[in-house]
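User: I would like a close look at one part of this model, taken slowly and with its surroundings included.

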Amino acid sequence: MKYLFTILGIVLVASMLTLYFLWPSKPQPQANVAVTVNGHDFAKNTITAEGSKSGYHSDNYEMLLDSVITRELLIQEAQRQEIDKEANFRDSLKDFYEQSLIKTLMDRQYSEIEVSVTEAEIETYLSLLGRMVTFTRLPVTSSPPYSPASAEGPQTEVLFDDLSEPLQLLLAGLHPGETAIKFDTGSERYAVRLDKVQQLENVEQKLPERQHILEMFEEHKRQQQITRWLDELRKKASITIHNG
């Protein structure tokens with residue numbers, strides 16, 4: 001039983017093989033066949049390539065082969081019981097496909113984003129720590145290029161250190177009187193105007209490392225670009241919400 005659990009563990013680790021085994025494969029030349037399980041051939045180069053991706057080495061080949069055989073036997077038995085035709089299984093497969101598709105898209109979009117952070121932005125952030133900031137939240141126009149739709153809105157006075165990180169980073173890029181657009185998840189967006197910065201007396205601050213601030217700015221700017229991109233996708237789409 002312990003041996004079986006070990007093999008099943010290896011099966012789970014070799015997850016890269018899953019989709020390959022679920023779809024029919026082309027007939028392999030006999031010289032390239034590593035193993036045949038109930039008439040289903042598995043190519044040597046496919047097994048070694050996928051095994052390498054999963055972290056296997058040449059001395060683990062027999063173990064990898066065992067996991068392939070076990071996996072195929074389980075798949076064939078599941079197909080014999082027609083589990084692959086059940087609605088729950090097909091829904092799970094659809095969810096896996098969609099999640100993988102979205103993750104690949106987001107990873108690719110994220111990796112293509114280029115951001116830069118200036119020394120002035122870092123210095124401004126550091127200078128605001130321990131100070132009171134007054135800012136106003138303003139509505140924005142409904143279509144790009146977005147801009148404040150009004151000069152009036154709810155005003156907040158708060159210690160800079162107590163603000164959420166996204167708001168801190170947004171305000172750190174402004175001088176009093178300047179405005180920036182904040183993009184939130186979905187289609188929500190608003191403008192933030194920095195009104196005033198006040199120095200407080202006798203406030204001791206333990207300043208964060210500059211590298212940490214740099215990384216915060218980079219992540220913030222990437223997230224803002226991703227949110228803008230999602231907002232543009234929503235704008236370009238034809239969306240109809242049906243009631244009832």
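In which strand does Thr136 lie? Please go on from there to the helix that this strand helps to cover.

Analyst: This is a predicted model, and what follows should be read with that in mind. Thr136 belongs to strand S3, which spans residues 131–138. With a relative accessible area of 2%, Thr136 is buried, because buried means under 20%. Its side chain is joined to that of Asp195 by a polar contact of 2.5 Å. Asp195 is also among the residues that Thr136 contacts once its neighbours within four places in sequence are left aside, and the others in that set are Gly153, Pro154, Gln155, Ala191, Val192 and Arg193.

Strand S3 leads on to helix H6, since S3 is included in what covers the buried residues of H6, together with helix H7 (165–171), strand S6 (189–199) and helix H8. The buried residues in question are Glu121, Ile122, Tyr125, Leu126 and Leu128. Viewed down the axis of H6, these residues fall within an arc of 165 degrees, and they therefore line one face of the helix. As background, an α-helix has 3.6 residues a turn, so residues three or four places apart point the same way.

The packing of H6 against H8 can be described further. Two packed helices are described by the angle between their axes and the distance between the axes. Here the axes of H6 (residues 119–128) and H8 (residues 210–236) come within 10 Å and cross at roughly 110 degrees, which means that H6 is roughly perpendicular to H8. On the H6 side the contact is made by Glu119, Glu121, Ile122, Glu123, Tyr125 and Leu126, while H8 contributes Arg210, Ile213, Leu214, Met216, Phe217 and Lys221. Sorted by character, the residues of this contact comprise 7 nonpolar and 5 charged, with no polar ones. Glu121, Ile122, Tyr125 and Leu126 thus appear both among the buried residues of H6 and in the contact with H8.

The end of H6 also deserves a remark: the helix is followed by Gly130, whose phi is positive, near 85 degrees. Most residues other than glycine have a negative phi. Elsewhere in the model, Asn38, which is not a glycine, has a positive phi of about 50 degrees; this residue sits in the loop between strand S1 (33–37) and strand S2 (40–43), and Asn38 is exposed, with a relative accessible area of 64%.

How values were computed. Residues numbered from 1 in each chain as written. Predicted model: local features only at pLDDT ≥ 70, side-chain atom pairs only at ≥ 80, totals over all residues. Heavy atoms only, no water. Helix = DSSP H or I, 4+ residues; strand = E, 2+ residues; numbered from the N terminus. Buried < 20%, exposed > 50% of the residue type's maximum accessible area, 1.4 Å probe, protein only. Polar contact = N/O pair within 3.5 Å; in protein donor to acceptor, adjacent residues only side chain to side chain. Contact = heavy atoms within 4.5 Å. Axes fitted to C-alpha atoms, helices over the stretch in contact; angles between N-to-C directions. Parallel < 35°, antiparallel > 145°, perpendicular 65-115°, else oblique. Nonpolar A, V, L, I, M, F, W, Y, C, P; charged D, E, K, R; others polar. Arc of directions from axis to C-beta.
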